[in-house]
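Hi everyone, thanks for coming. I'd like to walk you through a structure that may be new to you, so please have a look at it first.

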Amino acid sequence: MRVFISLSFMLGFLSLSLFAQQAKKPTIMILPSDNWCSARYFTKTYDNQGSKVVSADYRRAFLEDSELNPVISKIGELLTEQGYSLKDAEQAAKSLDTEMAENDVTFSSTSHAGLAMSPLDMLKQRVKSDILIQINWNVTREAITFTMEAFDTYTDKRIATATGTKERNKDIVPVQIESIIKGHIKKFDEQMDGFYQEMQANGREIALNLQVWDNSDVNLETEYNGDELLWHIQEWLSENTVNSQFNLSDATENFARFEQVRIPLVQRGMALDARGFVRGLQKHLQKAPYNITSKIVMQGLGKATLIIGEK
């Protein structure tokens, strides 16, 4: 009798644990789309290594547009009811200007080279959500048209889309948009959930670039124990990616591009992003027989460049 009760208890506990794992939903961040910001002139120009780039000015949009906050709140409420965790993009956007200024630095005292991140990349890195949802709506006298798209924050791949149109009525715009979304939320949730379930099974996808400083004594063809450095790096990737999944799409003696690199969602009980994963490779190359100094440069959450030769 005791054995039966204990066994029943354990089976019940395992079932509840499995249910909890399956029920877990990704974290989301909601922002207005680039088209929405451009149509309302919420844009600004920033310097990306000498090139002028126009980007969305999220801080001004949140501050000045009377509809944006209520619309995001309505969408967030509906998705939270579906089990998603909502990250506050508005608060992060307030401090983005300061971080943009701090990011405009020289990465190498020798070569004076650097890689800048866009404001959106920096916002994604600060908030660190799994999914970015971008929204856009257009209001006329007759109708409201609304579009909602979900993107993987690590790869920028579109994973879900919902579009709807509703005739105008006396309700305020956020309430009318909420009514449109309710008719599409189930399908939208299924699309995002399918993506996240696949990611849990096969790992999170990132991209990794390898570069070599022009004053480095080591390149990717330098041999260690009879094999080139690039081969040793591929061996490390094979051992540390999910099911050894990665693709070497391009390589020379001074450059290599790895795409579709599948990394675990969690490592040592903590969420793993591209920086954390590449940091492991950096530490590996610091050890004998390599004794290589390198620098990690990030472009968003899902793209990292490891530059060999110096910091």
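**Two helices, some spaces and two odd spots**

Let's start with a pair of helices: H10 and H11 are oblique to each other, and that follows from the class their angle falls in (under 35 degrees is roughly parallel, over 145 roughly antiparallel, 65 to 115 roughly perpendicular, and the rest oblique). A word on what you are seeing: this is a predicted model, where local features need pLDDT of at least 70 and side-chain atom pairs count only at pLDDT 80 or more, while totals for chains, interfaces and linings use all residues. Residues are numbered from 1 along each chain as its sequence is written, and side-chain values use heavy atoms, with hydrogens and water left out.

When I say helix or strand, I mean a DSSP run, numbered from the N terminus: H or I with at least four residues for helices, E with at least two for strands.

Back to our pair. Helix H10 covers residues 229-240 and helix H11 residues 274-286; they pack at an angle of about 135°, and their axes are 11 Å apart. Those axes are lines fitted to C-alpha atoms, for helices over the stretch in contact, with angles running from 0 to 180 degrees between N-to-C directions. On the H10 side, the contact (heavy atoms within 4.5 Å) is made by Leu-229, Ile-233, Trp-236, Leu-237 and Asn-240, and H11 brings Phe-277, Gly-280, Leu-281, His-284 and Leu-285. By class, these contact residues are seven nonpolar, three polar and no charged. Here Ala, Val, Leu, Ile, Met, Phe, Trp, Tyr, Cys and Pro count as nonpolar, Asp, Glu, Lys and Arg as charged, and the others, Gly among them, as polar.

Now, where is there empty space? Rolling a probe the size of a water molecule over the atoms shows that. On a 1 Å grid over the protein atoms alone, a cavity is a set of points where a 1.4 Å probe fits but cannot get out; a pocket is an open set with protein on both sides within 12 Å along at least five of seven lines, and lining residues have an atom within 4 Å of a point. Grid points are joined across faces, edges and corners, and a volume is the space filled by probe spheres set on the points.

H10 and H11 turn up again here, since each gives at least two residues to the lining of the second largest pocket. That pocket has a volume of about 280 Å³. H11 supplies the largest share of its lining, six residues. Among the lining residues are Trp-236, Asn-240, Phe-277, Gly-280 and His-284. The classes there are two nonpolar, five polar and four charged.

The largest pocket holds about 520 Å³. Of its 22 lining residues, Arg-204, Leu-265, Met-270, Ala-271 and Leu-272 are the closest to its centre. Its lining has nine nonpolar, six polar and seven charged residues.

As for cavities, there are two of 30 Å³ or more. The second largest has about 30 Å³ of space, and its lining is five nonpolar, three polar and no charged. Strand S7 gives the largest share, three residues.

Finally, the odd spots. Most residues other than glycine have a negative phi, and most peptide bonds are trans. Lys-128, not a glycine, has a positive phi of about 55°, and it sits in the loop between helix H7 and strand S5. Ala-288 and Pro-289 are joined by a cis peptide bond, with omega about 10°. Pro-289 lies in the loop between H11 and strand S15.
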